Amino acid sequence: MSIVLSKVSVPYAEALLDLAKSNDSLKETTNDMNIVSQFLANSSDLKKFLGNPLITKDAKKNVVKDILGEQIGDSTLKFLLLLVERGRIEVLESIAQKFLELSFKQDSIEIAKITSSIQLSAQQQKEIAEKLKVITGAKQIKLALKVDPALIGGFTIEIGSKMIDTSIRGQLKQISALLGA
């Protein structure tokens, strides 16, 4: 996350966290932001639409209501509409990620962003989560999964500021760097 993006997203994420705690709806809001995060991760069209400065705020509000309105709580929806109103909806993905990090830290849960060349089975996910618990000392690991066939094989794990790359693409890059290409 860039410094500028962080400066914008952190205050909003913290405000949403405070609101959720004061309304005693942290669990629901966390689930809502998880849904929002998954939508954004899986829809580049939605990200482009929300980030497009030529599209009116009303149009963005309608799309947010249509796509997410039925799936998330009223207070989270109001928060998203506030982001549209303030012209900050384009940083929603960053805000959602920061909110989830802060929310999970409350319960000693770490988020591991895993990108794999193919869909991981439930057993593979469980084994990775168990190994990451040992490595991080967290009580729980939440996996944010993404598939990227360009990795060729293997996977990458991003947890906090650490990056583990077991992908074939990563290994090819290392070989290329060693050969000076």
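Which residues does Ile-35 touch, not counting residues up to four places away in sequence? The legends below take up this question and others, and they describe a predicted model.

**View 1. Ile-35 in helix α2 and the residues around it.** Ile-35 is found in helix α2, and, when residues up to four places away in sequence are not counted, it touches Leu-68, Gln-71 and Ile-72. The relative accessibility of Ile-35 is 26%, and because a residue must be under 20% to count as buried, Ile-35 counts as partly exposed. Along the chain Ile-35 and Ala-96 are 61 residues apart, while in the model their C-alpha atoms are separated by 9.5 Å.

**View 2. Thr-29, a buried residue of helix α2.** Helix α2 covers residues 26-42, and Thr-29 is found in it. Is Thr-29 buried or exposed? Its relative accessible area is 2%, so Thr-29 counts as buried. With its neighbours within four places in sequence left aside, Thr-29 is in contact with four named residues, which are Leu-16, Ala-20, Thr-76 and Phe-99.

**View 3. The boundary between domain 1 and domain 2.** The domain assignment gives domain 1 as residues 1-106 and domain 2 as residues 107-177, and the centres of these domains, taken over C-alpha atoms, are separated by 24 Å. Eight residues of domain 1 are in contact with seven residues of domain 2. The size of an interface is often given as the accessible area lost when the parts come together. Between domain 1 and domain 2 the buried area is about 730 Å², and carbon and sulfur atoms give 50% of this area. On the side of domain 1, the residues that lose the most area to domain 2 are Phe-104, Lys-105 and Gln-106, which together account for 55% of what that side buries.

**View 4. The setting of the close-ups within the protein.** The protein has eight helices and four strands, and from the N terminus on its elements follow the order α-α-α-α-α-α-β-α-β-β-β-α. Its C-alpha trace spans about 50 × 40 × 30 Å along the principal axes, and 35% of its 181 residues count as buried. Among contacts between residues at least 6 apart in sequence, 62% join residues at least 24 apart. The protein exposes about 10,900 Å², of which carbon and sulfur atoms supply 54%. It carries 24 positive and 21 negative charges, and the mean positions of these two groups lie 4 Å apart.

How values were computed
Residues numbered from 1 in each chain as written. Predicted model: local features only at pLDDT ≥ 70, side-chain atom pairs only at ≥ 80, totals over all residues. Heavy atoms only, no water. Helix = DSSP H or I, 4+ residues; strand = E, 2+ residues; numbered from the N terminus. Buried < 20%, exposed > 50% of the residue type's maximum accessible area, 1.4 Å probe, protein only. Contact = heavy atoms within 4.5 Å. Areas by Shrake-Rupley, 256 points an atom, 1.4 Å probe, with all protein chains shown as cover. Lys, Arg positive; Asp, Glu negative; His and termini not counted. Charge placed at Lys NZ, Arg CZ, Asp CG, Glu CD. Domains from an automatic or database assignment. Buried area = accessible area lost by both parts, 1.4 Å probe.
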